Amino acid sequence: MSKVSIPFSAVSQPVWQDQLQKELKEKTELLQYQSEVEGIQLSLANLEQPRLAQQETESINWQRMVAVHASTAKQSNALLLEALMQGADAIFIDQTSTDTDYQTLLQAIEIEYISCLICFDNPAAIDHFIDTIGMEKASKCIILKRFGPNQNFISTFGIQQIGANSTTELAKGLLDLQQLLETNPQSMTIYIESGIGGEYLLEISKFRALKHLVRQLALIHKVEIDLKIIAKTGFCNKSLIDPYTNLLRLSTESLSAIMGGVHLLCVQAYDMLSTEGPSSFAQRMALNVANLISEEAHLGTTQDLLYNAYAIEQLTFKIAEKTWQLLCSLDTAQSGAQEILLEQISETRKVRTHLFNSSNHILIGINAFANEFESPTAQWGELPQVFGLPYLIFEKIAN
């Protein structure tokens with residue numbers, strides 16, 4: 001390769017900062033990041049702020065996952081078979097019990113060739129699963145336990161959906177892991193299920209911070225932890241009145257999760273919580289979002305794509321720092337931890353609602369630029385609750 005001369009020389013940091021401010025015409029507020037929801041602020045012009053210690057990054061071949069409930073075996077089986085034909089390479093089965101009909105649920109599904117994650121709430125449900133399909137076939141699945149000293153699955157999706165910010169969501173998941181390690185310190189593979197919010201750079205940083213903080217807990221307890229992150233799109237910012245805006249939101253949310261380094265991505269149909277349940281169109285489009293990112297954007301394999309990007313590194317540091325402080329408070333509070341969490345979530349929920357109602361948080365098609373075209377009619381059904389609070393759906397607030 002021929003020698004290339006660079007037409008400009010390096011400049012000092014003060015000169016760069018002065019020039020930046022001139023080009024911004026003194027609008028230096030554009031260099032300040034502040035989130036009322038997250039309680040985080042930082043300056044993008046201050047390059048002297050602390051950063052997290054750099055870690056060796058892993059190469060991730062993430063998977064496109066589809067989630068179903070075991071309680072509706074026949075419908076779930078049909079959904080799984082269709083999704084596997086359309087590109088999914090991992091399945092997640094929840095709501096298992098001692099009555100689950102696994103013969104119907106897993107009919108024609110070749111679990112030997114895909115990642116099959118099945119979540120259990122008690123030992124009896126696991127025994128029923130093994131007795132029904134046999135030990136050999138069961139060994140091909142990834143058994144996730146929400147209970148006991150050998151728990152290997154933690155979910156923060158629910159509290160994210162009722163309004164928790166990133167630091168509260170992470171702190172809750174890490175508290176569960178901390179208590180697990182205190183009870184039974186051991187090397188393990190842990191699956192953490194997290195929701196994906198709508199703020200692009202923040203969500204990337206959240207997942208990166210989670211990895212860092214899990215490494216910190218592993219160091220404290222002197223164990224090896226193989227972290228697997230399951231990221232799920234939620235419903236807070238989705239619309240049943242303006243359905244096509246959901247495809248854009250699902251795309252940016254999914255991309256932020258992949259850029260953040262998750263291992264399994266579950267893009268949920270935007271109308272999952274409607275009275276009629278998910279439509280075939282919404283299910284297909286949800287899976288196609290992940291297909292496009294993997295196959296057409298060629299992001300099927302990642303390795304910390306935004307490593308050393310200044311804004312991302314700073315947001316990651318701020319989230320990790322704030323999360324660790326909250327985690328320490330929760331761990332000290334012991335039995336009072338849930339009360340602290342509920343207080344934090346309730347306050348953040350109020351802030352989110354106020355920003356939305358005052359139009360400081362714009363959601364196209366929901367509180368701005370209403371859809372004027374004909375669209376499928378659908379209504380939100382009964383919403384799930386966590387800590388006694390229903391999922392925060394902005395479209396329900398607007399209407």
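Me: In this predicted model, what makes Gln-63 and Leu-264 bridge partners, and to which strands do they belong?

Reply: The bridge partner of Gln-63 in β11 is Leu-264, and this pair sits in strands β4 (residues 63–69) and β11 (residues 264–266), which run in the parallel sense and are joined over three bridges. Pairing of strands asks for at least two bridges, and β4 and β11 have three, so they count as paired.

Me: Where do β4 and β11 stand in the sheet, and what is the order of its strands?

Reply: The sheet is open and has eight strands with parallel pairing, in the order β7-β6-β5-β4-β11-β10-β9-β8, so that β4 and β11 are next to each other in that order.

Me: Why are β7 and β8 called edge strands?

Reply: Strands β7 (142–145) and β8 (153–155) each have a single partner strand, and therefore one side of each is left without a neighbour in the sheet. On average, neighbouring strands of this sheet are turned by 25° against each other, with direction ignored.

Me: How do you know that helices pack on this sheet, and at what angles do they run?

Reply: Helix α2 (residues 73–85) touches β4 and β5 (90–94), and its direction makes about 170° with that of β4. Helix α9 (residues 245–260) lies across β9 (188–196), β10 (225–233) and β11, running at about 175° to β10. On a scale that runs from 0 to 180 degrees between N-to-C directions, about 170° for α2 and β4 and about 175° for α9 and β10 stand close to the upper end, so each helix runs roughly opposite to the strand it is compared with.

Me: Which residues have the most contacts inside the largest nonpolar core, and which helix gives the most to it?

Reply: The largest nonpolar core has 51 residues, and those with the most contacts inside it are Leu-177, Ile-190, Leu-210, Val-214, Ile-225 and Leu-265. Helix α8 (residues 200–221) gives the most to this core, with eight residues. Apart from it lies another core, of 26 residues, among them Cys-116, Ile-118, Ala-125 and Phe-129.

Me: What does Leu-265 touch, not counting residues up to four places away in sequence?

Reply: With those residues left out, the residues that Leu-265 touches include Trp-62, Gln-63, Met-65, Ile-196, Ala-231 and Ile-258.

Me: Why is His-212 called buried?

Reply: Buried means under 20% relative accessible area, and His-212 has 10% relative accessibility, so His-212 counts as buried. This residue has its place in helix α8, and, leaving aside neighbours within four places in sequence, His-212 is in contact with Leu-52 and Ala-320.

Me: What makes Asn-308 and Phe-387 stand out in their phi values?

Reply: Most residues other than glycine have a negative phi. Asn-308, however, has a positive phi near 75°, and Phe-387 has a positive phi of about 55°. Asn-308 is found in the loop between β12 (301–302) and α11 (310–333), while Phe-387 lies in the loop between β13 (385–386) and β14 (389–390).

Me: Are Asn-308 and Phe-387 buried, partly exposed or exposed, and why?

Reply: Partly exposed covers the range between under 20% and over 50%; Asn-308 has 41% relative accessibility and so counts as partly exposed, and Phe-387, with a relative accessible area of 26%, is therefore partly exposed as well.

Me: How do you know that the protein is as compact as a globular protein of its length?

Reply: The radius of gyration is 22 Å, close to the 21 Å that the globule rule gives for 399 residues, so the protein is as compact as a globular protein of that length.

Definitions and conventions
Residues are numbered from 1 along each chain as its sequence is written. This is a predicted model: local features need pLDDT of at least 70, side-chain atom pairs count only at pLDDT 80 or more; totals for chains, interfaces and linings use all residues. Side-chain values use heavy atoms; hydrogens and water are left out. Helices (H or I, at least four residues) and strands (E, at least two) are DSSP runs, numbered from the N terminus. Contact means heavy atoms within 4.5 Å. A nonpolar core is a set of buried Ala, Val, Leu, Ile, Met, Phe, Trp, Tyr and Cys residues joined through side-chain atoms within 4.5 Å. Buried means under 20% relative accessible area, exposed over 50%, partly exposed in between (1.4 Å probe, protein chains only). The radius of gyration is taken over C-alpha atoms; the globule rule is 2.2 Å times the number of residues to the power 0.38.
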